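Dear colleague,

I am passing on the structure below, and after it you will find my notes on what turned up when I went through it. Please read them alongside the coordinates.

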Amino acid sequence: MAWEIGNQKSRSEDQDFNKKLFEMKGYLEEREAKILLYKFLRENITFTTDLVSGVKLFPFQHMAIKAMFETDYFMGVWSRGMSKSFTTAIYAYLDAIMNQGVEIGILSKSFRQAKMIFKKIEDIASKPEAMYLSQCITHKSKSNDEWLLEIGSSRIRALPLGDGEKLRGFRFHRIIIDEFALMPERIYNEVIIPFLSVVENPTQREDIYNVETELIRQGKLQESDRHVWPNNKLIALSSASYKFEYMYKAYEQFENLIQVGGNKESDAHRTIMQFSYDCAPRQLYDQNLINQAKSTMSQSQFDREFGAIFTDDSSGYFKTSKMAACTLKDGEEPSTEIVGKPGDKYILAFDPSWAESESSDDFAMMVIKLNEEKKIGVVVHSYALAGANLKQHINYFYYLLNHFNIVSIVGDYNGGVQFMNAANESNLFKKNKLNIKFLNTNFDDVENYQQKLIEGKREYNLENKTICYLRKPTSQWIRRANELLQSNFDHRRILFGSRAIDDSYNEQRRKKIPIDKIEFLKTSQSQEKQTNSAKMIDFVEHQFDMMNLVKTQCSLVQITTSSSGTQSFDLPSSLRRQTGPEKARKDSYSALVLGNWMVKLYYDMMDSKIENVSATFTPMFIK
């Protein structure tokens, strides 16, 4: 562990406060005693946390919370499982108690994640030893798109990221960002940074500044004696990211400003705390978890997740940097969608799984929007769920068919036949007179590919739903399909929809879908009882999480060649040995491979020319 001070002026009010307090003797007036008590509690965070809430901090947590109090910009790059949310929750309620009137905003990649810090405060306050903390909480409310906790005149809010306009309506003195690596760069620059530039009580500051200026002119006050107003604060927490991602740029900016120091225009103070797993107390981590992570993760992934080290790129067959370049930036269209746009065409790909255990493979589905002008596809919707029963999968499948203009379906033949038959025979499909039929053309006949395209186009019929092709995964096709996906990443012929924000976010969350009948989260994540409106917010935000999941799975895939020359595209052997609900999976990747292949096939099929040949007979007279 290294400690670098940099070239910034220390923000600690008094380095020897406890020593001076110990040396004080005699009687204290009540006002002076209150001020000294406040300073003592502020300086001794571990004691204060234990007193107020009964929580005993580890030394690294004390350091982090103390730094959050004393700095303006705090970046915590911490190992997975190192209590980021818990530690920040403690800071939030201590700050709200000791700085009355402060407005604290909690943001994250999703509203569900932002609410986790809020819930940590609730969990701590609910314990008997947190009697003082519970008494400080004066009001609490939870609406569909805002959770609010009031501590006296201070307020802590958890908000969803997507509605940028609503965010702009607040003025926070403290902004806490959990999972900063997944914070949209546009939201950070256009919404978060402006928050920090607006100060509270500007009129009062101006009046006091003018009085101080006059006193300095009269020689009654020194320039160094001016009142120092506290700045607004940014607290950003995350695991490490790739070096080509925005978080690393922000990290380098922080680091450079710490080393160089402030200037006359800005006296902002910054702190970076970078903690790997081996900085944590041994009691905090299960050593078996660390050993398992070392044996099952790639070195690059372990370095980021547990070592708090920024890495260059993924080492798999599909490069993360290439996929990042294929991800549309926030605000670009199309964004992720939960309902397709009228007139647009979509392809649905699926990779089925029959097991009803959370430790099984995911049942994966993916919706790809067609851009017929550029002849590309854009992933706008994805589903991956393990442990759900067949009825739940069929309900989701029907929802997609009913809310997107699906012009073609492709699935894995292994399990796809049974799933499609089960769907067609289900009460839901029969009640709504829906029956999906299959294309039987053999598109593997490479030598006669053009002729097969014409046969397929003749067989294809959107009106009677002859649109489904079940792909048999031969070794030759698997190689060609993966090479096609890699090529399409290189040339940006397959893209990932942007995060739904602002107008797109509000438009999506107001869509009418049977949200109460579809499941999209693991059982362990969906226990919270919430209204349909709140569930819609989670559903819209969940789609961007799914885009990241697809890219993560692709980045793990490696290519191996057998002694006979057969190529295999799979997870590393160490990851394939994993078991349990959190094991590594590749089912969304498989659905993407199928969907990407079907995009090309659909364009090729629609572009093929069917010649109208009419037979004619000319009568002849023979003598």
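**Gln-61 and its surroundings**

With a relative accessibility of 4%, Gln-61 counts as buried, because the cut-off for that class is under 20%. Please bear in mind throughout that this is a predicted model. Gln-61 belongs to helix 4, which covers residues 59-70, and the side chain of Gln-61 makes a polar contact, at 3.1 Å, with the side chain of Ser-83. When neighbours within four places in sequence are left aside, the residues in contact with Gln-61 are Ser-83, Phe-86 and Thr-87.

Two of these contacts, Phe-86 and Thr-87, also appear where helix 4 meets helix 5. On the helix 4 side, Gln-61 is joined by Ala-64, Ile-65, Met-68 and Phe-69, while the helix 5 residues that they meet include Ile-90, Tyr-91, Leu-94 and Met-98. Helix 5 runs over residues 84-98, and the two helices pack at an angle of about 45° with their axes 10 Å apart; helix 4 and helix 5 are therefore oblique to each other, and helix 4 passes helix 5 in a right-handed crossing.

Elsewhere in the chain, I also looked at helix 21, which takes in residues 532-556 and, with its 25 residues, reaches 35 Å from its first C-alpha to its last, close to the 36 Å expected at 1.5 Å a residue. Of those 25 residues, 21 are buried, so helix 21 is largely enclosed by the rest of the structure.

With best wishes

Conventions: Residues numbered from 1 in each chain as written. Predicted model: local features only at pLDDT ≥ 70, side-chain atom pairs only at ≥ 80, totals over all residues. Heavy atoms only, no water. Helix = DSSP H or I, 4+ residues; strand = E, 2+ residues; numbered from the N terminus. Buried < 20%, exposed > 50% of the residue type's maximum accessible area, 1.4 Å probe, protein only. Polar contact = N/O pair within 3.5 Å; in protein donor to acceptor, adjacent residues only side chain to side chain. Contact = heavy atoms within 4.5 Å. Expected span 1.5 Å × (residues − 1). Axes fitted to C-alpha atoms, helices over the stretch in contact; angles between N-to-C directions. Parallel < 35°, antiparallel > 145°, perpendicular 65-115°, else oblique. Left-handed = near helix turned anticlockwise from the far one by under 90°.
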